[in-house]
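Please open the structure in your viewer and keep the selection tool at hand. The tour below proceeds stop by stop, stating what to select and what is found there.

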Amino acid sequence: MRVIQALRGTRDILPEEVSYWQLVETKAKEILTRAVYQEIRPPIFEQTSLFERGIGEGTDIVGKEMYTFKDRGDRSITLRPEGTAGVVRSFIENNLYAQGGVQRLWYAGPMFRYERPQAGRQRQFHQIGVEVLGSDSPRADVEVIALATDLLKTLGLKSLKLDLNSVGNQKDREQYREALVNYLIPFHNELDRDSQERLTRNPLRILDSKEAKTQEIAQNAPKIWDYLSNDSKKHFDRVQQLLTDLGIEYQLNHCLVRGLDYYTHTAFEIKSDDLGAQATVCGGGRYDGLVAELGGPETPAVGWAIGMERLILLLQQLQKPPIIQPDFYLVSRGDKAEAQALVIAQKLRTAGFTVELDLSGSAFGKQFKRADRSGAVACLVLGESEAENETVNLKWLISGEQQSVNQVDLLTQINLLELKNKIALHKQ
Ligand code: ATP
Ligand code: MG
């Protein structure tokens, strides 16, 4: 029979890799919670129109990357291609703005885009993201940027670069758009096919084309900075000043525009040279127009999303996978001993120890070998005579020191405490 395989652009995250994911998730939760961000969990599919309106009809995502289908009730449904639209819909639908002040939210989970799969680019991928709703202060922009750099630094990542730009407000962009199109028209035939199409639909996106020739043309294009209103300029300057105050290095990049239509003012990306073509780990920016566009009250907002797969690729280059190291490895042989071992394992786990129980029933020698390989701190051995006397042989695997202990004694409070201390010492 033919074996069924995972779909193209999807992949299994196997246990060894999952340990990296858990590391990232734990650190992210820690760092975001310390800044009082709360987790939100919107559904994975939504009405298609949410993304058409929220991301914009002219974008690549809506134009050609969405997983859209009719459900059995003939509704048009889309698997979320990104997190912001769903969070904003939820913010509006649940009146989160009625609480006043600023909402600081984060989310994590799978996203779906029909793209050409390659390293760091999949059809099901994962993001961790934050959204701050209700503040137009440049400090909010800098707070979210600082959280992203904090997280990446805490994970030990180096040689990351922060690119920064301002795309101004709607009006700045309209004026700039005209100047940009006028500049690009004479180059029409030299642009790549996608960019030619974007010339009428979404010309700003041409600036961050990945085609070399188009990039060259974009480099010399008029810069949006020359089209920013005084307010937009002030916002942009303040963001830069605050980043400098925090010691966060950045470089200005006038070609950085984001894929979504409702971005305003700050746009940023964090990149790594160690990722090949898919270099961007984190992308974000301000989107002051989106909440109103989706039917909510005028609400300024800023956020980012980190691509988990790309982040994990970087982590894997950096360190071995974190492994689960048991405190105890339980070796037993014979019906009575095996039954007692099961009880002891259970009780030790309840007391907070990590315990691996050998289920093989094989000879002691083989079980001991596995105990060594497991990386356990200590081994507990139950043979026929231990089972008879209701004792257990406790062997410290590093020193080789061993002693016979009554099973009831092993599990008394005082002994458990001593064991905990001793294990902590051994793990140092
Ligand atoms: P790219 O230019 O690489 O296509 P993007 O601008 O479409 O990125 P965003 O929508 O800003 O990406 O998403 C934020 C982050 O999510 C990206 O910087 C990247 O790390 C990650 N990401 C986006 N699309 C994919 C994908 N198909 N597979 C894996 N990660 C992705
Ligand atoms: Mg993309």
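**First stop: a cavity and its lining**

Select Pro42, Pro43, Glu46, Arg80, Glu82, Gly83 and Gly86, the residues that line the second largest cavity. Before going further, please note that this is a predicted model. The space inside the second largest cavity amounts to about 30 Å³. How many cavities of 30 Å³ or more does the structure hold? There are two. If the lining of the second largest cavity is coloured by class, two residues appear as nonpolar, two as polar and three as charged.

**Second stop: ligand 1**

Next, select ligand 1 and display the 14 residues around it. Which of them come nearest? They are Arg113, Glu115, Arg121, Lys210 and Arg258. By class, the shell around ligand 1 consists of six charged, five polar and three nonpolar residues.

Now show the contacts made by oxygen atoms of the ligand. In the side chain of Arg113, an N or O atom lies 2.8 Å from an oxygen atom of ligand 1. The backbone also takes part: a polar backbone atom of Thr280 is 2.8 Å from an oxygen atom of ligand 1, and for a polar backbone atom of Val281 the distance to a ligand oxygen is 3.3 Å. On its own, ligand 1 has 580 Å² of accessible area, of which the protein covers 91%. Three elements each give two or more residues to this shell: strand 6 (124-133), strand 10 (280-286) and strand 11 (301-307).

**Third stop: the open sheet**

Strands 6, 10 and 11 also belong to the next selection, an open sheet of eight strands. Follow the strands in the order 1-5-6-11-10-9-7-8, and note that their pairing is mixed. Which strands stand at the edges? Strand 1 (38-39) and strand 8 (251-252) do, each pairing on one side only. In general, the strands of a sheet pair through backbone hydrogen bonds, in either a parallel or an antiparallel manner.

Zoom in on strand 1 and strand 5 (residues 103-112), which are parallel and share two bridges. Here Glu39 is placed opposite Trp106 of strand 5.

**Last stop: a hairpin**

Finally, select strand 15 (residues 391-396) and strand 16 (residues 402-406), an antiparallel pair joined by five bridges. Leu394 faces Gln403 of strand 16 across this pairing. The two strands form a hairpin with five residues between them. Select Gly400 in the turn, where phi is positive, at about 80°.

Key:
Residues are numbered from 1 along each chain as its sequence is written. Chains are lettered from A and ligands numbered from 1 in the order in which they are written. This is a predicted model: local features need pLDDT of at least 70, side-chain atom pairs count only at pLDDT 80 or more; totals for chains, interfaces and linings use all residues. Side-chain values use heavy atoms; hydrogens and water are left out. A residue is near a molecule or strand if one of its heavy atoms lies within 4 Å of it. A polar contact is a pair of N or O atoms within 3.5 Å; within protein, one must be able to donate a hydrogen and the other to accept it, and residues adjacent in sequence count only if both atoms are side-chain atoms. Accessible areas come from the Shrake-Rupley method with a 1.4 Å probe; for residues, only the protein chains shown count as cover. Helices (H or I, at least four residues) and strands (E, at least two) are DSSP runs, numbered from the N terminus. Ala, Val, Leu, Ile, Met, Phe, Trp, Tyr, Cys and Pro count as nonpolar, Asp, Glu, Lys and Arg as charged, and the others, Gly among them, as polar. On a 1 Å grid over the protein atoms alone, a cavity is a set of points where a 1.4 Å probe fits but cannot get out, and a pocket is an open set with protein on both sides within 12 Å along at least five of seven lines; lining residues have an atom within 4 Å of a point. Grid points are joined across faces, edges and corners, and a volume is the space filled by probe spheres set on the points. Two strands pair if DSSP finds at least two bridges between them.
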